[in-house]
There are 2 protein chains.
Amino acid sequence: MVKKLTKTPGSALRLRVHLDAEAFLGPGKADLLEGIAATGSIAAGGRRLGMSYKRAWLLVETLNGYFAEPLVTAATGGKAGGGAQLTRLGQEVLARYRAMLAASEAACAKDIAALRKLRAKKTR
Amino acid sequence: MVKKLTKTPGSALRLRVHLDAEAFLGPGKADLLEGIAATGSIAAGGRRLGMSYKRAWLLVETLNGYFAEPLVTAATGGKAGGGAQLTRLGQEVLARYRAMLAASEAACAKDIAALRKLRAKKTR
DNA sequence: TGCCGTTATAGTTTTTGAAACATAACGGAG
DNA sequence: CTCCGTTATGTTTCAAAAACTATAACGGCA
């Protein structure tokens, strides 16, 4: 199997933010938003996370359904076949998720270090 | 269906702490540890989370395997049929997880509120 | 007009995780 | 010496998630 990027590589934390019962935001959606912003396409953004286009597209649809306005807008055809971008709202949501993750990591750093130390011997 | 406790009821955050590639601690294991501490048994602790004994026991086994010393000790037979308790290590791990969750919630509160506000209209 | 990469969907299959079911043993109490 | 609730495990079933496959349409461009 080809090596695929692990989601949110450097982080020891996985954060899932529940907006309410049926809307939540986790690493998968956040990373995808980031990928779309970086590549300008749903397909390419998903590819570098090792996910199929269908899965990526489904996540985008879900995300867009969460809010009154879409987070991602897309167009078909054209020079590059089409493309997608984050709306202002999409950028804000992504930025806030990143901010929360960073803040949480900072807040948990010392406990994580302590736990890892406790586990030390049993690296197996 | 009978109403079952939702995991970590009041929280908008779900935190999964990765000690390394094959060891991580999320809401399920943490809540179970708490249940065991509160009830004195794996079975009862799991029941109130709506999980089968087998699942609860499996989680305990996994947890115990993470560290050099067990987090939970259990005994069979006896007055109440048996029972289980958290070791000192188990208590510490649980306390640290709770601390991390609380710290993260505090750190994320304002972003979560902002996101919820953005979502406002679309309560569906 | 035909090509290309992408968006947009539908349908099917495969994989995986959870649940359900089934037993055995333990040990104090009645 | 039987009963009870629990620990401890194996096996089987089922459902949900993810992966895979298949199309169609779009719109610049050569």
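1. A residue is taken as near a strand if one of its heavy atoms lies within 4 Å of it. By that criterion, in this predicted model, 21 residues surround DNA strand D, and those that come nearest are Gly77(A), Ile42(B), Tyr53(B), Lys54(B) and Gly81(B). Of the atoms of DNA strand D that come within 4 Å of the protein, sugar and phosphate account for 61%.

2. The surface near DNA strand D draws at least two residues from each of several elements, namely α3 of chain A and, in chain B, α2 (42–47), α3, β3 (72–76) and β4 (82–86). By class, the residues of this surface are seven nonpolar, nine polar and five charged.

3. Individual polar contacts to DNA strand D involve different parts of the nucleotide: the side chain of Lys54(B) places an N or O atom 2.7 Å from a base nitrogen, whereas the side chain of Trp57(B) has an N or O atom 3.3 Å from a phosphate oxygen. From the other chain, a backbone N or O atom of Gly78(A) lies 3.1 Å from a sugar or linking oxygen of the strand.

4. Around DNA strand C there are 21 residues, of which Ile42(A), Tyr53(A), Lys54(A), Gly81(A) and Gly77(B) come nearest, and sugar and phosphate make up 62% of the atoms of that strand that come within 4 Å of the protein. Here α2 (42–47), α3, β3 (72–76) and β4 (82–86) of chain A, together with α3 of chain B, each supply at least two residues of the surface, which comprises seven nonpolar, nine polar and five charged residues.

5. For DNA strand C, a polar backbone atom of Ile42(A) is 2.6 Å from a phosphate oxygen, while the bases are approached by a polar side-chain atom of Lys54(A), 2.5 Å from a base oxygen, and by a backbone N or O atom of Gly81(A), 2.6 Å from a base nitrogen.

6. Chain B superposes on chain A, with an RMSD of 0.1 Å, after a rotation of 180° and a shift of 0.0 Å along the axis, which is the relation of a two-fold axis. The same surface serves both copies, in that 100% of the contact residues of chain B recur in chain A.

7. The largest pocket holds about 670 Å³ of space, and Arg14(A), Arg16(A), Arg14(B), Arg16(B) and Pro27(B) are the closest to its centre among the 26 residues that line it. Both chains contribute to the lining, with at least two residues each from β1 (13–20), α1 (27–39) and α3 (53–66) of chain A and from β1 (13–20), β2 (23–25), α1 (27–39) and α3 (53–66) of chain B. The lining divides into eleven nonpolar, five polar and ten charged residues.

Notes
Residues numbered from 1 in each chain as written. Chains lettered and ligands numbered in written order. Predicted model: local features only at pLDDT ≥ 70, side-chain atom pairs only at ≥ 80, totals over all residues. Heavy atoms only, no water. 1 Å grid on protein atoms, 1.4 Å probe; cavity = no way out; pocket = protein on both sides within 12 Å on 5 of 7 lines; lining within 4 Å. Points joined across faces, edges and corners; volume = space filled by probe spheres on them. Helix = DSSP H or I, 4+ residues; strand = E, 2+ residues; numbered from the N terminus. Nonpolar A, V, L, I, M, F, W, Y, C, P; charged D, E, K, R; others polar. Polar contact = N/O pair within 3.5 Å; in protein donor to acceptor, adjacent residues only side chain to side chain. Least-squares fit on C-alpha atoms with pLDDT ≥ 70 in both. Contact = heavy atoms within 4.5 Å.
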